Amino acid sequence: MNKVYIAMSADLVTPGHVRLIQEAGKLGDVIIGLLTDRAVAGYQRLPYMPYEERKIVIENMVGVKEVVAQETLDHVPNLLKIKPDFVFHRDDWNTGVLRGTRQRVIDTLNQWGGKLIEPEPIPGITSTSLTQAIREVGTTPMMRQGMLKRLLEAKPLVRVIEAHSGLTGLISETVFVETDNSVREFDGIWLSSLTDSALKAKPDIEYVDRMTSISDILETTTKPIIFDGDTGGVTEHFVFMVRTLERLGVSAVIIEDKKGLKRNSLFGTDASQVQDDVEAFSQKISSGKNAQVTSDFMIIARIESLILKAGMDDALSRAQAYIAAGANGLMIHSKEPNADEIMTFCREYAKFDDRVPLVVVPSTYSQTTERELSEAGVSIVIYANHLLRSAYPAMVRAAKSILQNGRAAEAEELCMPIKDIISLIPERT
Ligand code: SPV
Ligand code: MG
């Protein structure tokens with residue numbers, strides 16, 4: 001019997017998948033190379049269903065002989081093991097991020113005279129149109145909440161951008177770029193206290209009410225949210241914060257080990273700010289962990305030792321204490337113009353037996369690349385303020401142009417067209 005190989009992610013199964021399997025079955029035993037979450041996350045958005053659930057669906061489809069894990073976007077490792085006589089793939093991968101993969105499949109099959117067969121897609125519903133429909137419907141708090149843990153398992157580095165409004169939520173949700181072999185987008189959203197406060201023209205001192213921003217962002221997005229919880233307040237308040245965030249479907253809260261009037265970390269020692277005692281902060285973490293009711297919610301402890309010049313040893317011993325207290329992640333913050341101290345922390349942290357995902361916020365050391373951070377052991381990178389910082393000067397430029405010219409004509413080229421702004425947010429009918 002011939003062997004026919006089909007690689008798929010099979011997240012949203014459509015008649016197109018069924019047809020492909022039927023056609024392939026006419027030529028031999030159908031083996032599905034089911035892309036693992038890691039393989040999918042390497043080139044596009046994480047699947048809605050985890051691998052194990054997708055596997056149950058696909059192995060129970062008529063005509064499927066066997067399901068094997070395909071650990072990479074590249075079929076080649078599996079093809080070399082299985083040596084199929086045919087590979088089936090819909091005729092839609094000649095361009096875009098999959099074109100390189102297609103060529104490698106052809107070259108590999110040539111080694112033993114195998115053939116690539118590319119049926120035309122059948123008209124009608126496709127996974128892409130289903131994905132679009134799902135995005136329009138949104139998500140559920142439970143699905144969204146669990147997404148951060150799944151991303152941490154599936155991706156070497158989770159990329160997060162700040163949002164402070166429904167509109168910036170929309171940007172974080174929809175903006176993407178195509179690279180040679182992937183579609184690159186943000187994986188999650190940072191609800192920054194700095195930009196949330198600045199948007200309301202208030203200093204970043206735990207004063208503004210954050211619920212409107214969260215609510216607006218929840219409405220325009222489906223990606224996981226990491227909430228900047230400042231100090232978490234006193235422990236008695238923090239436990240309520242945890243429960244509120246869980247109910248909303250937020251995936252994680254990051255609280256920083258400062259007490260009293262909190263000032264923004266990027267002031268460093270220019271502003272008077274006091275670091276909390278290790279014991280008191282550990283107690284806050286543990287109380288938060290005890291208060292949470294869902295298993296997916298993460299409490300991430302933020303270490304301010306480098307910001308407050310308390311030293312590397314202090315940062316490392318706090319890391320140990322906070323993990324022991326139950327923190328699900330650590331954020332190490334720095335406001336140095338380069339990543340030297342962050343890299344030193346990472347090197348020392350790598351020696352810990354007991355580790356949790358490490359978060360960094362490269363606002364001042366922005367020349368450091370995601371690749372460098374990931375290689376140093378960082379799991380989450382947060383671009384903490386860039387949507388607001390880029391918007392503000394653009395608005396000031398337009399305002400100045402109007403003043404200078406006594407009319408708005410010159411500002412037009414600084415603005416998006418009116419027809420675009422009125423249709424940016426479609427009405428719901
Ligand atoms: C924020 O974005 O509010 C943060 C990061 O907490 S920082 O501004 O660097 O303190
Ligand atoms: Mg903050």
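Begin with the whole chain in view and colour it by position in sequence: among the contacts in the protein chain between residues at least 6 apart, 74% join residues at least 24 apart. What you have open is a predicted model, and the protein chain in it holds 17 helices and 17 strands.

Stay with the full chain for its overall dimensions. Along the principal axes, the C-alpha atoms fill a box of roughly 75 × 65 × 40 Å. The radius of gyration is 25 Å, which agrees with the value near 22 Å that a compact globule of 429 residues would have. Of these 429 residues, 48% count as buried. If you now switch on the surface, its accessible area comes to about 21,000 Å², of which 55% belongs to carbon and sulfur atoms. Colouring by charge will show 48 positive and 58 negative charges, whose mean positions lie 2 Å apart.

Next, select helix H8, residues 166-174, and show its side chains: Gly166, Thr168, Gly169, Ser172 and Glu173 are the buried ones here. Looking down the axis, you will find that they cover an arc of only 160 degrees, which puts them on the same side of H8. To see what lies over these buried residues, add the elements that cover them, which include helix H6 (127-137), strand E6 (158-162), strand E8 (183-185), strand E9 (188-191), helix H10 (211-220) and helix H16 (386-405).

From there, move to serine 193, which belongs to helix H9, residues 193-199. Is serine 193 buried or exposed? Its relative accessible area is 3%, and because the cut-off for burial is under 20%, serine 193 counts as buried. Display its surroundings and, leaving aside residues up to four places away in sequence, you will see that serine 193 touches Asp204, Arg210, Asp228, Asp230 and Lys262. A distance drawn from serine 193 to glutamate 206, C-alpha to C-alpha, should read 7.5 Å, for a pair that is 13 residues apart in sequence.

For the last stop, select helix H13, residues 312-324, and within it arginine 318. This arginine, too, has a side chain to examine in its setting: arginine 318 counts as buried, at 6% relative accessibility. Which residues does arginine 318 touch, if those up to four places away in sequence are not counted? Asp257, Gln275, Asp276, Asp277, Val278, Ile303 and Ser305 are in contact with arginine 318, and showing them together with helix H13 completes the tour.

How values were computed:
Residues numbered from 1 in each chain as written. Chains lettered and ligands numbered in written order. Predicted model: local features only at pLDDT ≥ 70, side-chain atom pairs only at ≥ 80, totals over all residues. Heavy atoms only, no water. Helix = DSSP H or I, 4+ residues; strand = E, 2+ residues; numbered from the N terminus. Rg over C-alpha atoms; globule rule 2.2 N^0.38 Å. Buried < 20%, exposed > 50% of the residue type's maximum accessible area, 1.4 Å probe, protein only. Contact = heavy atoms within 4.5 Å. Areas by Shrake-Rupley, 256 points an atom, 1.4 Å probe, with all protein chains shown as cover. Lys, Arg positive; Asp, Glu negative; His and termini not counted. Charge placed at Lys NZ, Arg CZ, Asp CG, Glu CD. Arc of directions from axis to C-beta.
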